[in-house]
Amino acid sequence: MSSIRQLIEAVSDGRVRIPAFQRGFVWDADRVAQLMDSIYKGYPFGALLFWRTRAELRTERDLGPFKLPPRPDDYPIDYVLDGQQRLTSIFGVFQTELKPKEQAVWTDIYFDYRVAADAQESLFIPLEQDEVDPDRHFPLNVFFDAAKYGPAFRALPEDVTPKIDDLYSRFKEADVPVQTFTTDDRAGVAIVFERVNRLGVELDTLQLLSAWTWSEDFDLQRRFESLSEELEPFGFKGVGEDITLLLRCCAAVVDGDASPKTLMALNGTKVREHFPHVVNGIKGAIDFVRKELRVQKLDNLPHSTLLVPLAVFFAVPDSKSVKISSDQRAILLRWFWKACFSARYGRVVQRNLQADIEEMIKLKGGLPSKLDEISVQIDERFFLESNFNLNAVSSKTFVLLLTQERPLSLVGGSAIDLSAALQAYNRNEFHHLYPQAFLRGSGVPTDRQSPLANMCFINAIDNKVLGGDAPSAYKARVSNREAVLKRALCPPLELFADDYEGFLKARARMLLGAANERMNSD
């Protein structure tokens, strides 16, 4: 625990710093006022998390609109890992020494001593100077400045002084929860940093890594931004914007390990030397999934992490390319489908990722590899019990499975422009084989209307032509039925029999057969 005065002094002395990997101050004045209300009323408002170290980061941020004083020599520094918004608010409200930077907006917070106390409504308001009413507003920024507090307190009406005296006591005695993690060990910081990230704190791994590991003549962030621009015409700009994915690729290619511990230990010189390998590996991985699996954008991949082991396989210096043998290609494809259908990177990501990186290195080197020896246990229930959701791994895998069959338009019978459909990648490209209107009329519950087994590539225009009729009624509108339904992995007899449950089971078997064929292909 720390008092408000102790926090103000620590910041003013330069002992508390904001690392560059933190986002900037984003709270508005109303949010700051609500924090003051919570402190006053004794409501929980969260702990601050400090990382105490003697190491100095190359780059730091200011504390919101306040330029921090120089750090003291030979003194441990507390870098803020979590709670920057709260710390900036507390410091900005109560300190009087530092002035906000020019053009920075900082509104003073006042206590409205004429409003009735309320458990829910805030008693504190942000005000500009010309909005202050001396007969009801008392400034908080005088509490820890004796020269200002005395005159302000004496100017109050007698009936108000007990309330302000109580207010002063509450803030003076308030305890701010502070957790301090002390270490100069990079691996330890990496672990804590990763765990804080899991709690939803918006920290920037790239900024952390750049600040600690790389020299000033190599701007990793700019290199990644340049890569993002290169990939945009191919639909994979998202790769360049996914910092976690890029860093994993970088660590995996450079050191064969994508763990946070390895990220923190990466040698800057080694990274600079191998960065062309990293870029070529990422480009090769994208080229493979585009050409071999018809993936058109990052969102099409069931797991973006699939690109990391692939980047290791395709990583080569300069502008060279990796020549894949037919055996290697078959192993890569089997691994891809097994990893997707098993949701391999949905749980215990790091362990499975490391195992795949190691096996990928063996495969690349022509050594025996167990890359595709992944245990997968799926049956018809995968397609019967998983509802269609474009953000779900199961749905993305299902869509890619259909994509491999080069589906045709149900109404026109022409080839579907998969490039456009997968680039758009929204519900307008996928619809129900047994229409929802028909199912509602048949009494089928809503949560049973959209399993994977009832979904298909059907664009919005074709869906309107088919309408909400029973399949037996729209049968005549389906062109070239045998070829179209074969490419849709759809059993024709069961589709047009108007037996929904019978159709689902028949199509699930057909889809499972296609999945097993992909996972076990030669």
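This report describes the fold, the cores and a few selected residues of a predicted protein model.

**Overall composition**

The protein has 522 residues, of which 52% count as buried, and its secondary structure comes to 24 helices and 12 strands. Its accessible surface comes to about 24600 Å², with carbon and sulfur atoms contributing 46% of that area. Among the contacts in the protein with a separation of 6 or more, 75% are made by residues 24 or more positions apart.

**The five-stranded sheet**

One open sheet is formed by five strands in the order 4-2-5-3-10, and its pairing is mixed. Its edges are strand 4 (60–61) and strand 10 (178–182), each of which pairs on one side only. Within this sheet, strand 3 (residues 48–53) and strand 5 (residues 77–82) run antiparallel and are joined by five bridges; Arg52 stands opposite Asp78 of strand 5. Helix 3 (residues 84–94) packs on the sheet, where it touches strand 2 (16–19), strand 3 and strand 5, and the direction of helix 3 makes about 120 degrees with that of strand 5.

**The three-stranded sheet**

Another open sheet consists of three strands in the order 7-6-8, with antiparallel pairing. Strand 7 (124–127) and strand 8 (137–139) are the edge strands, each pairing on one side only, and the twist from one strand to the next averages 45 degrees. Four bridges join strand 6 (residues 108–112) to strand 7, the two running antiparallel, and Asp108 has Leu127 in strand 7 as its bridge partner. Helix 5 (residues 161–173) packs on this sheet and touches strand 6, strand 7 and strand 8, its direction making about 130 degrees with that of strand 6.

The helices that pack on the two sheets are set out below.

| Helix | Strands touched | Angle between directions |
|---|---|---|
| Helix 3 (residues 84–94) | strand 2, strand 3, strand 5 | about 120 degrees with strand 5 |
| Helix 5 (residues 161–173) | strand 6, strand 7, strand 8 | about 130 degrees with strand 6 |

**Nonpolar cores**

The largest nonpolar core holds 102 residues, and Val239, Ile282, Trp335 and Phe383 are the members that touch the most other members. Helix 12 (residues 268–293) supplies the largest share of this core, with 10 residues. When residues up to four places away in sequence are not counted, Val239 touches Leu231, Leu245, Leu246, Ile282, Ile286, Leu298 and Leu307. A second, separate core has 46 residues, including Ile39, Phe50, Ile164 and Val176.

**Helix 24 and its cover**

Helix 24 (residues 500–519) has 20 residues, which at 1.5 Å a residue should span 28 Å, and the distance of 28 Å between its end C-alpha atoms therefore agrees with the expected span. The buried residues of this helix are Tyr500, Phe503, Leu504, Ala506, Arg507, Ala508, Leu511, Leu512, Ala514, Ala515 and Met519. As general background to such a pattern, an α-helix has 3.6 residues a turn, so residues three or four places apart point the same way. The cover over the buried residues of helix 24 includes helix 14 (326–341), helix 16 (381–384), helix 17, helix 19 (436–441), strand 12 (455–457) and helix 23 (492–495).

**The end of helix 17 and the loop that follows**

Thr403 belongs to helix 17, and Thr403 counts as buried because its relative accessible area of 0% falls under the 20% cut-off. Leaving aside neighbours within four places in sequence, Thr403 is in contact with Arg294, Leu418, Leu422 and Phe457. Arg406 lies in the loop between helix 17 (393–403) and helix 18 (418–424). With neighbours within four places again left aside, the contacts of Arg406 are Arg294, Leu418 and Arg487. Arg406 and Arg487 are 81 residues apart in sequence, yet their C-alpha atoms are 6.5 Å apart in space.

**Residues with positive phi**

Ala343 has a positive phi of about 50 degrees although it is not a glycine. Ala343 is located in the loop between helix 14 and helix 15 (349–364), and Ala343 counts as partly exposed because its relative accessibility of 22% lies between the 20% and 50% cut-offs. Asn480, which is not a glycine either, has a positive phi of about 50 degrees, and Asn480 is found in the loop between helix 21 (471–474) and helix 22 (481–487).

Technical notes
Residues numbered from 1 in each chain as written. Predicted model: local features only at pLDDT ≥ 70, side-chain atom pairs only at ≥ 80, totals over all residues. Heavy atoms only, no water. Pairing = 2+ DSSP bridges. Contact = heavy atoms within 4.5 Å. Axes fitted to C-alpha atoms, helices over the stretch in contact; angles between N-to-C directions. Buried < 20%, exposed > 50% of the residue type's maximum accessible area, 1.4 Å probe, protein only. Areas by Shrake-Rupley, 256 points an atom, 1.4 Å probe, with all protein chains shown as cover. Core = buried A, V, L, I, M, F, W, Y, C linked by side-chain atoms within 4.5 Å. Expected span 1.5 Å × (residues − 1).
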